[in-house]
Amino acid sequence: METLQVDIVKVPGNEDLPLPVYMTEQAAGMDLLAAVREPTVIPPGQSMMIPTGISIALPVGYEAQIRPRSGLAFKHGITTLNSPGTIDADYRGEIGVILINHGHTAFVVERGMRIAQMVVTSYTKVAWNSISSHTDMTDRGSGGFGHTGL
């Protein structure tokens with residue numbers, strides 16, 4: 001398994017928060033923490049941008065994907081909008097996580113709470129080859145949503 005060195009900056013005022021970490025040996029995502037100054041309430045049906053207190057400098061050819069935490073989704077109906085969110089290699093601002101409360105009660109985000117996961121991965125750039133039609137038809141063809149049944 002490859003280890004990628006990535007520069008990270010703690011946004012001033014967040015020196016007390018630990019850096020993102022993998023919670024288990026084989027975890028693909030590392031937990032992002034809430035860098036809210038005071039407890040922040042997300043009412044049912046509402047969304048809110050939650051700061052993480054960090055910015056990163058990914059190498060060219062890499063992205064970070066921001067994903068929900070399954071425990072928050074299952075226990076509280078809290079998930080991320082724009083999921084997965086993408087942090088591009090040229091972005092240097094603070095990472096924010098858009099949380100939405102699909103639950104029936106208000107949810108309180110507290111400083112240092114684990115609010116999302118971040119997965120860093122490489123990507124491939126595409127160069128389009130414009131053609132008039134596909135010559136290599138597949139068994140599926142143009143079958144779209146629901147084409148295989150339920």
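How many salt bridges does the structure hold? The structure, a predicted model, holds 3 salt bridges. They are described below together with the strands and loops that carry them.

The protein chain has 1 helix and 12 strands. Along the sequence, the elements follow the pattern β-β-β-β-β-β-β-α-β-β-β-β-β. The radius of gyration is 19 Å, well over the 15 Å that the globule rule gives for 150 residues, so the protein chain is more spread out than a compact globule. The C-alpha trace spans about 60 × 40 × 30 Å along its principal axes. Of the 150 residues, 31% count as buried. The accessible surface comes to about 10,200 Å². Carbon and sulfur atoms account for 54% of that surface. Contacts over long sequence separations are also found: among those between residues at least 6 apart in sequence, 70% join residues at least 24 apart.

An unreviewed UniProt entry lists residues 18-149 as "domain: dUTPase-like". Over residues 18-149 the chain is 36% strand and 5% helix. The end C-alpha atoms of this stretch are 47 Å apart.

The strand pairing was examined next. Five strands make up an open sheet with antiparallel pairing, in the order S2-S3-S12-S7-S9. S2 and S9 are the edge strands, each of which pairs on one side only. Strands of a sheet pair through backbone hydrogen bonds, either parallel or antiparallel.

From the S2 edge, the pairing can be followed strand by strand. S2 is joined to S3 by 2 bridges, and the two strands run antiparallel. Here Tyr22 stands opposite Met30 in S3. S3 is joined in turn to S12 by 4 bridges, again with antiparallel strands. Leu33 stands opposite Arg114 in S12. S12 also pairs with S7, in the antiparallel sense and over 6 bridges. Within this pairing, Met118 in S12 is the bridge partner of Ile66. S7 and S9, the latter spanning residues 85-87, pair in the antiparallel sense over 3 bridges. Two positions illustrate the register: Ile66 stands opposite Gly85 in S9, and Ala64 stands opposite Ile87 in S9. Ile66 thus has a bridge partner in S12 and another in S9.

Is S7 enclosed or open to its surroundings? Of the 6 residues of S7, 5 are buried, so the strand is largely enclosed by the rest of the structure. In the sheet order, S7 stands between S12 and S9.

The salt bridges come next. Side chains of opposite charge can pair when their charged atoms come close. Arg114 and Asp31 meet through their side chains, with an N to O distance of 2.8 Å. Arg114 lies in strand S12 and Asp31 in strand S3, so the pair ties together parts that are 83 residues apart in sequence. These two strands are also joined by 4 bridges in the sheet. Arg114 is partly exposed, with a relative accessible area of 33%. Asp31 counts as buried, at 6% relative accessibility.

Asp31 has a further partner in Arg69, and the closest N and O atoms of that salt bridge are 3.7 Å apart. Arg69 lies in the loop between strand S7 (62-67) and helix H1 (70-76), whereas Asp31 lies in strand S3 (residues 30-33), so this pair ties together parts that are 38 residues apart in sequence. Arg69 is buried, with a relative accessible area of 17%. Which residues do the shared partners join into one network? Salt bridges that share partners join Asp31, Arg69 and Arg114.

Another salt bridge links Arg111 and Asp16, at 2.7 Å from N to O. Arg111 lies in the loop between strand S11 (107-109) and strand S12 (114-122), and Asp16 in the loop between strand S1 (7-10) and strand S2 (21-22), so the pair ties together parts that are 95 residues apart in sequence. Arg111 is partly exposed, with a relative accessible area of 26%.

Technical notes:
Residues numbered from 1 in each chain as written. Predicted model: local features only at pLDDT ≥ 70, side-chain atom pairs only at ≥ 80, totals over all residues. Heavy atoms only, no water. UniProt positions renumbered as here; feature names shortened; annotations may be inferred. Salt bridge = Lys/Arg side-chain N within 4 Å of Asp/Glu carboxyl O. Buried < 20%, exposed > 50% of the residue type's maximum accessible area, 1.4 Å probe, protein only. Pairing = 2+ DSSP bridges. Rg over C-alpha atoms; globule rule 2.2 N^0.38 Å. Contact = heavy atoms within 4.5 Å. Areas by Shrake-Rupley, 256 points an atom, 1.4 Å probe, with all protein chains shown as cover.
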